[in-house]
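Please open the structure in your viewer and keep the selection tool at hand. The tour proceeds stop by stop, and each stop names what to select.

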Amino acid sequence: MKDDTPLRALATRIERLALDPDGIEAHALYKLARPLLSLSGWRARVRYEALSALVDVMRAAERADETSRAEIAERARTAWTAAVRELEENLDTLERAAIVRRRPPVAHAAWLRRVWELLDASERAIDALANDGAKAPDVRATLRRSAQAEKAAIAPPLAVSREKPAKNEAPSAFVAEVATRDELPVPDTEARVVELELATIDHLLAAARAETGLLGRRRRLLVAARQRLLEAAAALPLDEGGVAARVDHVAREIARI
């Protein structure tokens, strides 16, 4: 990746969000924003609609023949630009959330890093497509990585959602709420335990995706993830879109096995 690409600056900000969130407060605007955001009851939300659209285009690129490669590369570049813009907006949102809660959103920072890595791989694959280099083995692997990303893998981490959809309104499939305000003054350690328990579900799903040799072990990992997910959804008001995406993914993978 070139040093002057938009992704380079975003990588630095993502690292600071995860490791040194206090550095965000160097901005005078954010110092003023904390009490205003806190008093207004602002809640953070992140989106991944553009990212999902990019994965769809990359899947089309993987299946495309040589005659349509240039057209696919142009579409992919447009989708990639929109996904980078979405990543930057999500990063802005999570920086504000870190200030309001006075602690780093560790799980979401790790998610942003995974999104960044997917965008980095997609950029290299798109450049190769545009330059007729898609036949190279390393480029095909990069293209495959971008094209085979599952919706459950690119979805934001599970979080407690205090707001329910309006009547007759379905939850958005590409918008996820970020824990911004604790309804009760729970201890910081207790809140972190909840975040870690929710993160365990995604770790189990990731382990299942990585297990390609033993189908029995892969199925056990999926079943364990589903059990934890259902228990967490029963005990906590989790984001409905995130829960649905993971339940559907587990059901499809178990049926495939």
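The stops below go from the whole chain to single residues.

**The whole protein.** Begin with the complete model, which is predicted. Colour it by secondary structure: the protein has 10 helices and 2 strands. Followed from the N terminus, the order of elements is α-α-β-α-α-α-α-α-β-α-α-α. Next, display the surface, of which the protein exposes about 13,900 Å². Carbon and sulfur atoms supply 53% of that exposed area. Of the 257 residues, 44% count as buried. Among contacts with a separation of 6 or more, 80% join residues 24 or more positions apart in the sequence.

**Helix α3.** Select residues 49-63, which form helix α3. This helix of 15 residues reaches 22 Å from its first C-alpha to its last, close to the 21 Å expected at 1.5 Å a residue. Now show its side chains. Which residues of α3 are buried? They are Ala50, Leu51, Ser52, Leu54, Val55, Val57, Met58, Ala60 and Ala61.

**Met58 and its surroundings.** Select Met58 alone and look for its contacts. Beyond its neighbours within four places in sequence, Met58 is in contact with Ala76, Ser122, Ala125, Ile126, Leu143, Ser146 and Ala147.

**The nonpolar cores.** In soluble globular proteins, nonpolar side chains tend to be buried together. Here the largest nonpolar core has 45 residues. Select Leu7, Met58, Leu87, Leu112 and Leu119, the residues with the most contacts inside this core. The elements that give two or more residues to the core are α1 (6-19), β1 (44-47), α3, α4 (69-101), α5 (106-130), α6 (137-147) and β2 (175-178). Helix α4 contributes the largest share, 12 residues. A second, separate core has 16 residues, including Val160, Leu204, Leu221 and Ala232.

**Ala70.** Return to helix α4 and select Ala70 within it. Is Ala70 buried or exposed? Ala70 is exposed, because its relative accessible area is 58% and the cut-off for exposed is over 50%. Add Ala130 to the selection: the two residues are 60 residues apart in sequence and 5.9 Å apart in space, C-alpha to C-alpha.

**Arginine and tryptophan.** Finally, select Arg77 with Trp80. Arg77 lies over the face of Trp80, at 5.7 Å from the ring centre. Then select Arg113 with Trp116. Arg113 lies over the face of Trp116, at 4.5 Å from the ring centre. As for pairs of aromatic rings, the structure holds 0.

Methods
Residues are numbered from 1 along each chain as its sequence is written. This is a predicted model: local features need pLDDT of at least 70, side-chain atom pairs count only at pLDDT 80 or more; totals for chains, interfaces and linings use all residues. Side-chain values use heavy atoms; hydrogens and water are left out. Helices (H or I, at least four residues) and strands (E, at least two) are DSSP runs, numbered from the N terminus. Buried means under 20% relative accessible area, exposed over 50%, partly exposed in between (1.4 Å probe, protein chains only). Contact means heavy atoms within 4.5 Å. Accessible areas come from the Shrake-Rupley method with a 1.4 Å probe; for residues, only the protein chains shown count as cover. Rings of Phe, Tyr and Trp (its six-membered ring) pair if their centres lie within 6.5 Å; planes under 30 degrees apart count as stacked, over 60 as edge-to-face and the rest as tilted. A charge sits over a ring if NZ of Lys or CZ of Arg is within 6 Å of the ring centre and within 35 degrees of the ring normal. The expected span of a helix is 1.5 Å times one less than its number of residues. A nonpolar core is a set of buried Ala, Val, Leu, Ile, Met, Phe, Trp, Tyr and Cys residues joined through side-chain atoms within 4.5 Å.
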